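Please take me through this structure, stop by stop. Tell me what to select in the viewer and what is there.

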Amino acid sequence: MTSVPATHPDLLASLTRSVTEGMPSTIAELATLVRTASVSWDGFDPETVVRSADAVAALATDLGVFDSVQIARAPKAGTDDLGQPAVLATRAAKNGRPTIMLYAHHDVQPPGDDSGWESPPFEPTVRGDRLYGRGAADDKAGVMAHMAAIRTLVEVAGSDFDLGLVLFIEGEEEFGSKSFGNFLQQHRAELEADVIVVADSNNWTTEIPALTVGLRGNVTFKLTVETLEHASHSGMFGGAVPDAMLAGIRLLSTLHDDAGSVAVAGLVGRDTDTPPYDEAQLRLETGLLDGVSPIGTGSILDRIWSKPAITVTGIDAPTVVAASNTLAPSVSVKVSVRVAPGQPAEEALAAIEAHIATHTPFGARVTMSDVDLGDPFLVDTAGWGVAEAKRAMAEAWDAEPVEAGIGGSIPFISELTEVFPEAQILVTGVEDPDSRAHSPNESLHLGVFRKAVLTEAILLVRLNERA
């Protein structure tokens, strides 16, 4: 394929005007999506995800450009149970033009404790230049960025454009994408594309865009520690009998060294060149309390992007209010391990299993269950797709984009690369450092949203001109 010259100033002005004039209706549609509490986790009403999929499919149909719009499900890996509904819309390419897949997800994280929210989590609320609500940023804004960008393409290029389009809006990303692999296999021909845009990541600031080029993988599991057949009196036997809490704490403490770095042999990291980012910025973005020091060694961004991390994200143990003077026979914890780019998740799991086997104290019985794996990802930045995306970002934001890593994980991207090895993967997003995705008071910066939509509209127009 031949390259396309820089976007003509008149065309860029038309795209900018179209995106800007369309923002009020785009934001209104986003607000409507946010009002649907589409939590895909077990224990929440699955009908909310169904209603959300219906709403997304209606938006895709109303664009009037797709040959087919469907709501589909696939079995979860290893079971016959169907996953949550996804929306798949397709339009065939013409005259040698490429096909671009636009991915986002319409499910959201649970809201958590409503008391942590300044406004109800599923009542979209504008305060200042931000729209607050669960899913307002992650990732219903990604859904609407795709919709708005396609509308702009139609307005500027007409409805008879040549670019091939695949719109893939998943319904269970926040719950592990358990049917993703089967969905890819069932719809492989429909999903095939030259370029895949995953709109589910961050920007560097509200003024500087970012293209995500590295993602950590993940290993999550439930760890259960047992030392007794039943609870025993802590006064009668404490000091001679190890309770499960003591054994669990001792075992978990071996996962890190005194600096807070991961101390599991076989979990590896790598050193990379990173943009400037100091401790003050880390404190600002994370709410690190005064007097509490960061952990780990090396540059801060290396610790977040390119080295492993281990976090205990949940504990099942007697609560403080229900505590009695007993030796706990069993405790369970949920452990989340972030795997550095370049290391397969299976290899990381083997290292963790070996560490636990050799560091369990007092001969306690330890079991690992509910294991979930996701491989890390590194973008090949040499392709023309990356060049086109960075040029579109520079034109839309009037600022050069940063090639950024992300400490989080999007495991399904590695599945995309396995099924579509020739496709160029572009990980973009609508979030900024203050979006607080997954946390109370999640929000979308409306200025960032407009520039993200414009970026994608420019990219679509440019690919439509690429032969």
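How many helices and strands does the secondary structure of the chain come to? Show the whole chain as a cartoon: the count is 13 helices and 18 strands. The model is a predicted one.

Stay with the full view. The radius of gyration is 24 Å, close to the 23 Å from the globule rule for 467 residues, so the chain is as compact as a globular protein of that length. Along the principal axes, its C-alpha atoms fill a box of roughly 80 × 45 × 45 Å.

Switch on a surface. The chain exposes about 20,300 Å². Carbon and sulfur atoms supply 52% of that area. Of the 467 residues, 50% are buried. Now turn to contacts between residues at least 6 apart in sequence: 81% of them join residues at least 24 apart.

Next, colour the aromatic rings. The structure holds nine aromatic pairs. Select Tyr 103 and Phe 168. Their ring centres lie 5.6 Å apart with the planes at 75 degrees; over 60 counts as edge-to-face, so this pair is edge-to-face. Tyr 103 belongs to strand β3 (residues 99–105) and Phe 168 to strand β6 (residues 164–170). The two are 65 residues apart, and the pair links distant parts of the chain. Both residues are buried.

Extend the selection to Phe 180, Phe 183 and Phe 412. Ring pairs link these three with Tyr 103 and Phe 168 into a cluster.

Two charged side chains come last. Select Arg 91 with Phe 161: the charged end of Arg 91 sits over the ring, 3.8 Å from its centre. Then pick Lys 178, which lies over the face of Phe 175 at 4.9 Å from the ring centre.

Terms used:
Residues numbered from 1 in each chain as written. Predicted model: local features only at pLDDT ≥ 70, side-chain atom pairs only at ≥ 80, totals over all residues. Heavy atoms only, no water. Phe/Tyr/Trp six-rings, centres within 6.5 Å; stacked < 30°, edge-to-face > 60°. Helix = DSSP H or I, 4+ residues; strand = E, 2+ residues; numbered from the N terminus. Buried < 20%, exposed > 50% of the residue type's maximum accessible area, 1.4 Å probe, protein only. Lys NZ or Arg CZ within 6 Å of the ring centre and 35° of its normal. Rg over C-alpha atoms; globule rule 2.2 N^0.38 Å. Contact = heavy atoms within 4.5 Å. Areas by Shrake-Rupley, 256 points an atom, 1.4 Å probe, with all protein chains shown as cover.
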